[in-house]
Amino acid sequence: MASVFPIGFYYLNYYKLIPLFYLQKKPITYLLSILLSLTILIIIANIFTYLSDNRRLYESRPPFPFLIHSLLLFVVVLFVSLGLRMNSEWKKAEEEIIKIEKEKLNSELSYLKAQINPHFLFNSLNSIYSLAIIKSDQTAEAVMKLSNLMRYVILDVHIPFVPLEKELGYIINFIELHRLRLADNNQINFRFSGNPEGLLISPFILVPFVENAFKHGTSAIDSININIDISLVKNRLDFKVDNNKPSKYFENQPSTGVGIENTRKRLEMIYKKNYTLKISDTDNKFEVDLTLLLT
Amino acid sequence: MINCIAVDDEPLSLQIISGYASQIQGMVLLKTFTNPLKAQNYLKKFPVDLLLLDIQMPDVS
């Protein structure tokens, strides 16, 4: 019957004391709680023995053997429960690391996939081909822009933070290349204010919103306005993109929203509390309002 | 004489097409369109012999 108490202590230690004190990095509180448990346990064990049939035995001997017996049992229980608990804690932590690693890899892969948009590459090459045929003065510049774009996609995407100028440069080149091929009914307004010097940003955190506007906001028929507004006040970046939506003349393929969702995940992972993202999607307009605190 | 029009959402491509069309004897490129609805309206008034079309365009394909 006396073994009920050490078993009770085992579970108390496993489920309450270790998570509450030991894992919360309060070793002194943990030690005190252990000592307190030990004292209570010894008292209980002695009372129990005293009340049981061994009363005579108890009286005939000093309380020492019971103390040693209880203490020994206590220490064994303490270390077994501590060991098992820590083992399961380590396993949990390891699983968590593997999970995070996997998630990171997945999101990285999918945003890489989203980046090298073959359609855009071919469209741009096609524009450049046309420019070359008519021997336009813009040809050389367009090749340079595409080359800068590809450099950013291929080399800088692996770096956690790049100078803000690079991200802005990509957006500007991207817009310029689109301007080459779009007809006049698609108006693109790009505004930038502030000084990007010395600021860093996670690469391709703004680009998906710009790509999205061009993907869904260009038309052969309707008048379209794509507005991209970037302003910097010290290290606070305000980024606004909006486009009116072309009327649906025929069934368009529905948007999957994967690109935006991925970017939201990345913002959450990288910028945590240092960002706000508002997206409004109505029948005729799509608007993104992102504020980032840069480092 | 073959009368034709061209429709493409990219003005640059239309420029190229115009260039090629002008090299072909007996072919007259009457007009080019980036807006397919305008092209449709034009066709209703002036039927042509040949249409040069983009295979994929926003809004309409």
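The legends below describe close-up views of salt bridges in a predicted model.

**View 1. Salt bridge between strands β5 and β7 of chain A.** The side chains of A:D242 and A:K285 form a salt bridge, with an N to O distance of 4.0 Å. A:D242 belongs to strand β5 (residues 236–244) and A:K285 to strand β7 (residues 285–293), so the pair joins distant parts of the chain, 43 residues apart. A:D242 has a relative accessibility of 14% and counts as buried, because the cut-off for buried is under 20%. A:K285, at 32%, counts as partly exposed.

**View 2. Salt bridge between strand β6 and a loop of chain A.** A:D281 and A:K245 meet through their side chains at 2.5 Å, N to O. A:D281 lies in strand β6 (residues 275–281), whereas A:K245 sits in the loop between β5 and α9 (258–270). The two residues are 36 residues apart and link distant parts of the chain. A:K245 is partly exposed, at 26% relative accessibility.

**View 3. Salt bridge within helix α9 of chain A.** A:E261 pairs with A:R264, and their closest N and O atoms are 3.7 Å apart. The two residues are three residues apart in the helix, which means a separation of about one helical turn. A:E261 is partly exposed, with a relative accessible area of 40%. A:R264 also counts as partly exposed, at 33% relative accessibility.

**View 4. Network of salt bridges in chain A.** Four residues are linked in this network: A:E141, A:K145, A:E176 and A:R179. Over all chains, the model has twelve salt bridges.

Conventions:
Residues are numbered from 1 along each chain as its sequence is written. Chains are lettered from A and ligands numbered from 1 in the order in which they are written. This is a predicted model: local features need pLDDT of at least 70, side-chain atom pairs count only at pLDDT 80 or more; totals for chains, interfaces and linings use all residues. Side-chain values use heavy atoms; hydrogens and water are left out. Helices (H or I, at least four residues) and strands (E, at least two) are DSSP runs, numbered from the N terminus. Buried means under 20% relative accessible area, exposed over 50%, partly exposed in between (1.4 Å probe, protein chains only).
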